[in-house]
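Here is a friendly walk through one chain, looking at how its parts pack together. Have the sequence and the 3D view at hand as you read.

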Amino acid sequence: MAQQAAKRIRRTHSSSPSLLKGIGVAIAVTLVAVIIFALIIGLTDLPDGVIQAVNQLIKIGAIFLGVRAGVAKGAENALRSGALIGVIYMGVGVLLYALLSGQQLSFLSYLIDLLMGLAVGGLSGMLIGNMQSK
């Protein structure tokens, strides 16, 4: 009984290092995927619609892998932690895009990106949180 209670306490504890690890993994995955995709774009003539769709898939995959790295299986706070990882990752992405591109997207575009990060991160956290821990 005491072991189960201790295990439950460990699973509910959300630590900043885990969140930072998740965000770091998501950013690293994005960098690698974007470099590979940029090489593919350089060798082919892809339409803008395909490029935009692949960019969204890269973001979704990066958030999922970041949440997987930052949230323990069976964690009770997995939804919240996953949502935090997703929204912070997208917030960093939005900020970098605005600074590096020099372009200003509409507030709605930025908000949609942040909400996508929140939703994908939260769903990923729910999935991982419902997995059985070893």
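Let us begin with one helix pair: helix 3 and helix 5 are oblique to each other. This comes from a predicted model. The angle between these two helices is about 40°, and their axes lie 9 Å apart. Their crossing is right-handed. On the helix 3 side, the residues that take part are Gln56, Lys59, Ile60, Ile63, Phe64, Val67 and Arg68. Facing them from helix 5 are Asp113, Met116, Gly117, Val120, Gly121, Ser124, Gly125 and Ile128. Sorted by class, the contact of helix 3 with helix 5 holds 7 nonpolar, 5 polar and 3 charged residues.

**The chain as a whole**

Stepping back, the chain has 5 helices and 0 strands. Read from the N terminus, the order of elements is α-α-α-α-α. The chain counts 134 residues, and 29% of them are buried. Take the contacts between residues at least 6 apart in sequence: 78% of these join residues at least 24 apart.

**Three helix pairs side by side**

Two further pairs can be set next to the one above.

| Helix pair | Angle | Distance between axes | Crossing |
|---|---|---|---|
| Helix 2 and helix 3 | about 150° | 7 Å | right-handed |
| Helix 2 and helix 4 | about 45° | 9 Å | right-handed |
| Helix 3 and helix 5 | about 40° | 9 Å | right-handed |

What does an angle of about 150° say about helix 2 and helix 3? Angles over 145 degrees count as roughly antiparallel, so helix 2 is roughly antiparallel to helix 3. From helix 2, the residues in this contact are Ser18, Lys21, Gly22, Val25, Ala26, Val29, Thr30, Ala33, Val34, Phe37 and Ile41. They meet Ile51, Val54, Asn55, Ile58, Ala62, Ile63, Leu65, Gly66, Ala69 and Gly70 of helix 3. By class, the contact of helix 2 with helix 3 comprises 14 nonpolar, 6 polar and 1 charged residues.

Helix 2 also packs on helix 4, and these two are oblique to each other. Here Leu19, Gly22, Ile23, Ala26, Ile27 and Thr30 of helix 2 meet Ser81, Leu84, Ile85, Ile88, Tyr89 and Val92 of helix 4. The contact of helix 2 with helix 4 has 9 nonpolar and 3 polar residues, with no charged ones.

**The nonpolar core**

Which residues touch the most other members of the largest nonpolar core? Among its 15 residues, they are Ile63, Val67, Val71, Ile85, Tyr89 and Met90. Two or more core residues come from each of helix 2 (16-43), helix 3 (48-70), helix 4 (78-101) and helix 5 (107-129). Helix 4 gives the most, with 4 residues.

Val67 is a good place to zoom in. Setting aside neighbours within four places in sequence, Val67 is in contact with Gly82, Ile85, Gly121, Ser124, Gly125 and Ile128. Of these partners, Gly121, Ser124, Gly125 and Ile128 belong to the helix 5 side of the contact with helix 3.

**Met90 and Asp113**

Another of the core residues named above, Met90, lies in helix 4. Is Met90 buried or exposed? Its relative accessible area is 3%, so Met90 is buried. Not counting residues up to four places away in sequence, Met90 touches Lys59, Ile63, Asp113, Leu114, Met116 and Gly117.

One of those partners, Asp113, sits in helix 5. Why does Asp113 count as buried? The cut-off is under 20% relative accessible area, and Asp113 is buried because its value is 17%. Along the sequence, Met90 and Asp113 are 23 residues apart, while their C-alpha atoms are 6.4 Å apart in space. Leaving aside neighbours within four places in sequence, Asp113 is in contact with Gln56, Lys59, Met90 and Val94. Two of these, Gln56 and Lys59, are on the helix 3 side of the contact with helix 5.

**Leu19**

To finish, look at Leu19 in helix 2, which also takes part in the contact with helix 4. Leu19 is buried, with a relative accessible area of 15%. How far from Leu19 is Val71, C-alpha to C-alpha? The two are separated by 7.6 Å, although their positions lie 52 residues apart along the chain as a spacing.

How values were computed: Residues are numbered from 1 along each chain as its sequence is written. This is a predicted model: local features need pLDDT of at least 70, side-chain atom pairs count only at pLDDT 80 or more; totals for chains, interfaces and linings use all residues. Side-chain values use heavy atoms; hydrogens and water are left out. A nonpolar core is a set of buried Ala, Val, Leu, Ile, Met, Phe, Trp, Tyr and Cys residues joined through side-chain atoms within 4.5 Å. Buried means under 20% relative accessible area, exposed over 50%, partly exposed in between (1.4 Å probe, protein chains only). Contact means heavy atoms within 4.5 Å. Axes are lines fitted to C-alpha atoms, for helices over the stretch in contact, and angles run from 0 to 180 degrees between N-to-C directions. Angles under 35 degrees count as roughly parallel, over 145 as roughly antiparallel, 65 to 115 as roughly perpendicular and the rest as oblique. A crossing is left-handed if the near helix is turned anticlockwise from the far one by less than a right angle, and right-handed if clockwise. Ala, Val, Leu, Ile, Met, Phe, Trp, Tyr, Cys and Pro count as nonpolar, Asp, Glu, Lys and Arg as charged, and the others, Gly among them, as polar.
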